[in-house]
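Subject: A structure to look through

Hi there,

Here is the structure I promised to pass on to you. Please open it next to this email, and then read on for what turned up in it.

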Amino acid sequence: MKKLLSIYCLCWSLSLLSQNYVLSNQTHFDLLSIKDGLPANSANAILQSKDGYIWIGSFGGLSRYDGYEFKTYQKDPAQPVNSLVGNYVRALYEDKEGYIWIGTMLNGLQRFNPQTETFTTYNVESSSAIDKY
């Protein structure tokens, strides 16, 4: 009986210790919104790049989050060659070279070079240019 009681007390103590450990190491999440610099309150695509940035595609463009602040890339009629072709970003992908591929709604596919902060636009008709990637 003493042995059974000892085992029960040991299991009970371990249970309490493990609960305290789990509760003390909970993951913390911050809710980020327009107030924090996002162009929209909803995200269509989220990607963490190899360099640690969080990329968020939304109805308002492409945003890069460094853990402190956002930098947002949007369609700029004054610079149509080096901006998003459309602000409705639907998909994000990072290739092995570190380029961010951006799929937009109705405006096609773009590749973003994070080093030079330049966009390359690919037309659906010229898919042979995409095939090499």
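Strand 1 and strand 2 run antiparallel and pair over 4 bridges. Helices (H or I, at least four residues) and strands (E, at least two) are DSSP runs, numbered from the N terminus, and two strands pair if DSSP finds at least two bridges between them. One such bridge links I46 to its partner I56 in strand 2. The hairpin of strand 1 and strand 2 has 5 residues between the strands, and G52 there takes a positive phi near 95°.

Before going further, two notes on where this comes from. This is a predicted model, where local features need pLDDT of at least 70, side-chain atom pairs count only at pLDDT 80 or more, and totals for chains, interfaces and linings use all residues. Residues are numbered from 1 along each chain as its sequence is written, and side-chain values use heavy atoms, with hydrogens and water left out.

**The sheet of strands 1 to 4**

Strand 2 also pairs with strand 3, again in the antiparallel sense, over 5 bridges. Their hairpin has 2 residues between the strands, and S58 stands opposite G61 in strand 3. Strand 3 (residues 61-65) then pairs with strand 4 over 4 bridges, antiparallel once more, and Y65 has F70 in strand 4 as its bridge partner.

Put these pairs together and you get an open sheet of 4 strands in the order 1-2-3-4, with antiparallel pairing. Strand 1 and strand 4 (70-73) are the edge strands, each pairing on one side only. From one strand to the next, the twist averages 20°; the axes behind this angle are lines fitted to C-alpha atoms (for helices over the stretch in contact), and angles run from 0 to 180 degrees between N-to-C directions.

How enclosed is strand 2 by the rest of the structure? Strand 2 is largely enclosed, because 4 of its 5 residues are buried. Buried means under 20% relative accessible area, exposed means over 50%, and partly exposed lies in between (1.4 Å probe, protein chains only).

**S49, W55 and the core**

Now find S49, in the loop between strand 1 (45-48) and strand 2 (54-58). Is S49 buried or exposed? S49 is buried, at a relative accessible area of 6%. Its side chain makes a polar contact with the side chain of W55 at 3.2 Å. A polar contact is a pair of N or O atoms within 3.5 Å; within protein, one must be able to donate a hydrogen and the other to accept it, and residues adjacent in sequence count only if both atoms are side-chain atoms.

Leaving aside neighbours within four places in sequence, S49 is in contact (heavy atoms within 4.5 Å) with W55, E94 and I100. With residues up to four places away not counted, W55 touches a longer list, including L47, S49, Y73, L92, I100 and F112.

W55 also belongs to the largest nonpolar core, which has 12 residues, among them A45, L62, L84, V89, I102 and F119. Strand 1, strand 5 (89-94) and strand 6 (100-104) are the elements that give two or more residues to this core. A nonpolar core is a set of buried Ala, Val, Leu, Ile, Met, Phe, Trp, Tyr and Cys residues joined through side-chain atoms within 4.5 Å.

**The sheet of strands 5 to 8**

Another open sheet has 4 strands in the order 5-6-7-8, with antiparallel pairing. Strand 5 and strand 8 are its edge strands, each pairing on one side only. Neighbouring strands here are turned by 25° against each other on average, direction ignored. Strand 7 and strand 8 run antiparallel, joined by 5 bridges, and N113 stands opposite T118 in strand 8.

Two loop residues deserve a look:

- L106 lies between strand 6 and strand 7 (108-113). Its phi is near 70°, a positive value in a residue other than glycine, and L106 is exposed, at 82% relative accessible area.
- E117 lies between strand 7 and strand 8 (118-122). Its phi is near 55°, also positive in a residue other than glycine, and E117 is partly exposed, at 27% relative accessibility.

**The whole protein**

Stepping back, the protein has 2 helices and 8 strands, in the pattern α-β-β-β-β-β-β-β-β-α along the sequence. Of its 133 residues, 29% count as buried.

Happy exploring!
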